[in-house]
Amino acid sequence: IAWSGIDSQHHLNVMVSSDNGHSFANKHRAGDTSDSGPSLAVHQNKLFIAWRGVGNNQLNVAEVTLNSSGAPVSLAGKYTSGETTVSSPELTSTERGLFISWRGVENNQLNVGRVDVK
């Protein structure tokens, strides 16, 4: 589960569940912030998060790194796109790759792009 906090800066938060969503623990509060809700997707056995940056509306994607017990500990490999959005982006994983979709600021249309993951 991931969300944008209600603190004044709207920090991103990530928590995990080890019992199919009945309870959550090990909250990680990231240094990154967003005015919109983030999106999560698992791709190639890695957890990724996407969000809209505060102030610049730019798309961001990072891997949520987990410790040996599966608790989130950091965001790694952050990529910030020059593309901007006015709402929450969405991530999805297919056999063809990890994809992000968003509503563009300039054209107010749905956009889709492939995320280059290493």
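Is S8 buried or exposed? With a relative accessible area of 72%, S8 is exposed. The cut-off for that word is over 50%, so 72% qualifies. S8 sits in the loop between β1 (2-4) and β2. From S8 to F48 the C-alpha distance is 24 Å, across 40 residues of sequence. F48 belongs to the largest nonpolar core, described below. All of this comes from a predicted model.

**Overall fold**

The protein has 10 strands and zero helices. Its elements, read from the N terminus, run β-β-β-β-β-β-β-β-β-β. The radius of gyration is 14 Å, and the globule rule gives 13 Å for 118 residues. The two values are close, so the protein is as compact as a globular protein of that length. The C-alpha trace spans about 40 × 40 × 25 Å along its principal axes.

Of the 118 residues, 39% are buried. Among contacts with a separation of 6 or more, 33% link residues 24 or more positions apart. The exposed surface comes to about 6,800 Å². Carbon and sulfur atoms supply 46% of that surface. The protein carries 9 positive and 10 negative charges. Their mean positions lie 2 Å apart.

**The nonpolar cores**

In soluble globular proteins, nonpolar side chains tend to be buried together. Here the largest nonpolar core holds 10 residues: A41, F48, A50, L59, V61, L91, L98, I100, W102 and V115. Three strands, β5 (46-52), β6 (58-66) and β9 (97-103), each supply at least two of these residues. The largest share, three residues, comes from β9.

What does F48 touch, leaving out residues up to four places away in sequence? Its partners are S39, L40, A41, H43, V61, A62, E63, V64, L91, L98 and V117. Among these, A41, V61, L91 and L98 are also members of the largest core.

Apart from this core lies another one, of nine residues. A2, V14, A62 and V64 are among them. F48 touches two of those named, A62 and V64.

**G104 and T84**

G104 is found in the loop between β9 and β10 (110-115). Is G104 buried or exposed? Its relative accessible area is 3%, so G104 is buried. Beyond its neighbours within four places in sequence, G104 is in contact with T84, Q109 and N111.

T84 lies in strand β7 (residues 72-84). T84 also counts as buried, at 12% relative accessibility. The limit for buried is under 20%. Outside the residues up to four places away, T84 touches N56, N57, Q58, W102, R103, G104, V105 and E106. One of these, W102, is a member of the largest nonpolar core.

The C-alpha atoms of T84 and G104 are separated by 6.0 Å, with their positions 20 residues apart along the chain counted as the separation. For G104 and V86, 18 residues apart along the chain, the C-alpha separation is 6.8 Å.

**Two loop residues with positive phi**

Most residues other than glycine have a negative phi. Which value does phi of N20 take? Phi of N20 is near 60°, a positive value in a residue other than glycine. N20 lies in the loop between β2 (11-16) and β3 (25-33). At 79% relative accessibility, N20 counts as exposed.

Q44 is another non-glycine residue with a positive phi, near 50°. Q44 belongs to the loop between β4 (39-43) and β5. Its relative accessibility is 57%, so Q44 counts as exposed.

**Accessibility of the residues discussed**

| Residue | Relative accessibility | State |
|---|---|---|
| S8 | 72% | exposed |
| N20 | 79% | exposed |
| Q44 | 57% | exposed |
| T84 | 12% | buried |
| G104 | 3% | buried |

The loop residues N20 and Q44 are exposed at 79% and 57%. G104 is in a loop as well, yet G104 is buried.

How values were computed
Residues numbered from 1 in each chain as written. Predicted model: local features only at pLDDT ≥ 70, side-chain atom pairs only at ≥ 80, totals over all residues. Heavy atoms only, no water. Core = buried A, V, L, I, M, F, W, Y, C linked by side-chain atoms within 4.5 Å. Buried < 20%, exposed > 50% of the residue type's maximum accessible area, 1.4 Å probe, protein only. Helix = DSSP H or I, 4+ residues; strand = E, 2+ residues; numbered from the N terminus. Contact = heavy atoms within 4.5 Å. Rg over C-alpha atoms; globule rule 2.2 N^0.38 Å. Areas by Shrake-Rupley, 256 points an atom, 1.4 Å probe, with all protein chains shown as cover. Lys, Arg positive; Asp, Glu negative; His and termini not counted. Charge placed at Lys NZ, Arg CZ, Asp CG, Glu CD.
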